[in-house]
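Dear colleague,

I am passing on the structure we spoke of, with the sequence beside it. Please have it open while you read the notes underneath.

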Amino acid sequence: MERCSEDDVEPRRRWIEAWFAELPCPVRLTFERRLRSRRFDQFASVLFEMQVHSLLRRLGCAVEIEPTLAHTRNRIDFRARSGDQAFYVEATVCGLGKSELRGNDAEDDAVRKIREEIPLLHSHLWLEATGELNRMLPKERVVAPFRALLEEYTPEDVRRRHGEGGMWNAPQARLTDGNWVLTGSLDPAPDGAAGHVVGPARGGAVDFSKSLREKLSDKAGKWKNVDFDGSPFLVAVNDCSSLRHRHTEGALFGRTTSDDAPREFRRAFSNVDGVLVVSNAVLGNEINAAVQLYRNGDAQIPACLRHLEQPYRLGELLGIAPRGST
């Protein structure tokens, strides 16, 4: 949790404990061992599985973890049932490669300085980094552009800008050093709540489309010849390479079209009925992470999930968003 502020750690610890408590007793030891992994990618993977498990339960599903399947020794993450409809879900994380999400010690030092020197924020400051920072930067140089950004815009200004154009119209400031760029965007905090520093996520030169395509191709290939008894097969993906979904449709469908006909997924993962994309639900961004379900053509989607074809925030779906947040 080193990229979360101290005020963020305690609620996130409670969330993790609550998600863990929802797991059936027989699997808790396995999940506990994975949660203690020193590798962040392993920790992020098991954390996302717990979030998906909790989400399915909150949607009214009975959930079985790693069910036995016919004609394969592989275990899919979840078999869920809503009413008389069963479906299968594989949960995965993309964007955690060395060149995708992880910064280095110099970048971590810069983020730490921002958190320490700007402890009181009237809005959330979302950070996104590209390139590589090759040296430690002086504290004042790191902090100055983001302090000035918060001084230039009031909370009302931030809400107005978002009302006019969402995150694409958010007030921004940038810090650059060589090919490294750290961008900070302001996002409204709930009324009466303090803002937080979120991230950084990795973006820019990272080809999110490629990361998602490769992950989906891998999962689709793993389950290509498995018989799900005609039940829908979905993949839930936590994309940790970007704060936004700007490349999602290109990754899933390829070239976009202007007509209203149902669009089919790329051939490499045509056996996937739907993809639930969660945008950067890592520590520090669970509440605000965007969630949206994408359907493969006219594939069957469980009724309990269809409302997710419209965008939501993960905190709203998991019941962890503060009162008054949107």
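What follows is a short account of what was found, beginning with the chain as a whole and moving on to its aromatic rings.

Please keep in mind throughout that this is a predicted model. The protein chain has 326 residues, of which 53% count as buried, and its secondary structure comes to 9 helices and 11 strands. Among the contacts with a separation of 6 or more, 71% are made by residues 24 or more positions apart in the sequence. The surface that the protein chain exposes is about 15900 Å², and carbon and sulfur atoms supply 45% of that area.

As for the aromatic side chains, the structure holds 5 aromatic pairs. One of them is formed by Phe-228 and Phe-233, which are stacked, with 5.1 Å from centre to centre and 20 degrees between the planes. Both partners are buried, Phe-228 as well as Phe-233, and the two belong to one aromatic cluster together with Tyr-88 and Trp-223.

Another pair joins Phe-253 and Phe-265, and here the arrangement is tilted, with the centres 5.4 Å apart and an angle of 50 degrees between the planes. Because Phe-253 lies in helix α8 (residues 248-253) while Phe-265 lies in the loop between α8 and β9 (274-279), the pair ties together parts that are 12 residues apart in sequence. With buried defined as under 20% relative accessible area, Phe-253 counts as buried because its relative accessibility is 11%, and Phe-265 is buried too, with a relative accessible area of 6%.

Phe-253 also has a charged neighbour, since Arg-263 lies over the face of its ring at 4.3 Å from the ring centre. A further case of this kind involves Phe-31, where the charged end of Arg-34 sits over the ring, 5.6 Å from its centre.

Finally, you may wish to look at Gly-95, which is placed in the loop between β3 (85-94) and α4 (105-117). At 4% relative accessibility, Gly-95 counts as buried. Gly-95 and Lys-210 are 115 residues apart in sequence, whereas in space they are 9.7 Å apart, taken from C-alpha to C-alpha.

With best wishes

Methods: Residues numbered from 1 in each chain as written. Predicted model: local features only at pLDDT ≥ 70, side-chain atom pairs only at ≥ 80, totals over all residues. Heavy atoms only, no water. Phe/Tyr/Trp six-rings, centres within 6.5 Å; stacked < 30°, edge-to-face > 60°. Buried < 20%, exposed > 50% of the residue type's maximum accessible area, 1.4 Å probe, protein only. Helix = DSSP H or I, 4+ residues; strand = E, 2+ residues; numbered from the N terminus. Lys NZ or Arg CZ within 6 Å of the ring centre and 35° of its normal. Contact = heavy atoms within 4.5 Å. Areas by Shrake-Rupley, 256 points an atom, 1.4 Å probe, with all protein chains shown as cover.
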